[in-house]
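Colleague: I should like to request a close look at a single part of this model, followed by whatever else helps me to place it in the whole. Please explain each step formally, as I am in my first year.

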Amino acid sequence: MIDETMHQWRTILGNALTVAASIAVALVALEAVLRFLPVARAPPVEPPTAENPIQRYAPNRPFTWSLGWNFAMVAHNRTNAQGFVADYDYDASASSPLVAVAGDSFVEALQVPFAESLTGRLQAMLGSRGRAYAFAQSGSPLSQYVAYARHACAIYRPERLVVVVVGNDFDESVHAHRLRNGIHHLYPRPDGGFEFKLTPLPAPGLIERIARNSALALYLVRNVGIANLVPRFAPAPANAAEPVRYVGNTLARADPARLAEGERVIAWFLDALPSEACLAPRNIVLVVDAIRPELYDNAALAAARMTYFGRMRATLIAQAAARGFPVVDMEPYFRAAYAADPRPFEYPNDGHWNPRGHAVAAAAVREALAGWPPLAPEDPARPDR
């Protein structure tokens, strides 16, 4: 009896070891194969310090970004010597006119070659007449844009600043709603105001360090989007009245408390930005993204105007214009372009601007900067043209 029991346990253990070994071999094989495929990889992050409070990437690193399980879109880019995504280094000693471009992943633009991004296109428009420098990292909100403006002023002294604002920039400026660490956030004070300070970046744990160097882990997280797939198969809570809805990559919910906090963030942002940028409001262009993909359907767009992003963008546009900021509302530009050619401005499974979206945005920004000499329309009557 004992021998029979031992035999059964040995059989079970042997089968378990065989299954485990098979899984291990399969994972190793997948890891090996994926290392030869264009898995989405971002450069490693260099955390901020007291001496250098702007988080950025490791400098001079080529990298590949891709979208989808089947790598439907692949872009190759690099970081410059300053740790920002750009095809050229930034020169603090240069005297030619500079426009700084601040934003999050829309300005960082991992999804397109740099030359096809908003900043790359502005640099092509400027040619030798000026410079366009991007200050951006995924997950940055309005609060970090002010930090970028401060950094640009202190080091590079731009003549113009362009800030791209998207749907999740408002509430994620507040520390409690932050998307990532290592950037600047707003910490509410008892008097209703905010304290503006850097949120430290904790050191990554062992599992995170391993995952960052695993092609299989990166493929599952970034290309497959496994974190987004899991909730789809989870049972809905019994007390769920309706599914969670997002508009502009942020919750659509527009309750009074959330709206009031967002309005305080907007007021703080518009107050702080000119002084930190060392520029008058008239020299700071705010580019406000449209509500996409609702943009392509009139009924859906009308309903989306009452969501959180719809309300926040309307408030920002109105208050910024009243304070003298040039505002580029991307909605009419995108709608006009779509009416002429009904192709979307984002990827099928990714809400970031595709090359066409960046092209329309760059043309709109150039129009807003037409009074700036390096981008002023050329006069064909001038003999030196």
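Where along the chain is the place of D87, and between which strands does it fall?

Modeller: The model is predicted, and what follows should be read with that in mind. D87 belongs to the loop that runs between β4 (73-78) and β5 (98-103). Is this residue buried, partly exposed or exposed? Its relative accessible area is 43%, and because buried requires under 20% and exposed over 50%, D87 counts as partly exposed. When neighbours within four places in sequence are set aside, D87 is in contact with R78, F114 and A115. The C-alpha atom of D87 is separated by 17 Å from that of G103, a residue 16 places away along the chain.

From this loop we may turn to a hairpin elsewhere in the chain. Strand β8 (residues 184-188) is mostly covered, with four of its five residues buried. Five bridges join β8 to β9 (residues 194-198), and the two strands run antiparallel. In this pairing, P188 stands opposite F194 of β9. Five residues lie between the two strands of the hairpin, and G192, in the turn, has a positive phi of about 95°.

Helix α8 (residues 256-277) has 22 residues and reaches 31 Å from its first C-alpha to its last, close to the 32 Å expected at 1.5 Å a residue. Just after α8 comes C278, which takes a positive phi of about 60°. A disulfide joins C278 to C153, with an S to S distance of 1.8 Å. C153 lies in helix α4 (residues 142-155) and C278 in the loop between α8 and β12 (284-288), so the bond ties together parts that are 125 residues apart in sequence. The torsion about the S-S bond is about -80°, so the disulfide is left-handed. C153 is buried, because its relative accessible area of 16% is under the 20% limit.

Finally, there is the nonpolar interior. The largest nonpolar core has 81 residues, and those with the most contacts inside it are L161, V163, F269, L273 and L286. The largest share of this core, nine residues, is supplied by α8. Beyond its neighbours within four places in sequence, L286 is in contact with several residues, including V163, F269, L273, L316 and F325. Another core, of twelve residues, lies apart from the largest one; A40, F63, A75 and Y347 are among its members.

Conventions:
Residues numbered from 1 in each chain as written. Predicted model: local features only at pLDDT ≥ 70, side-chain atom pairs only at ≥ 80, totals over all residues. Heavy atoms only, no water. Buried < 20%, exposed > 50% of the residue type's maximum accessible area, 1.4 Å probe, protein only. Contact = heavy atoms within 4.5 Å. Expected span 1.5 Å × (residues − 1). Pairing = 2+ DSSP bridges. Disulfide = S-S within 2.5 Å. Core = buried A, V, L, I, M, F, W, Y, C linked by side-chain atoms within 4.5 Å.
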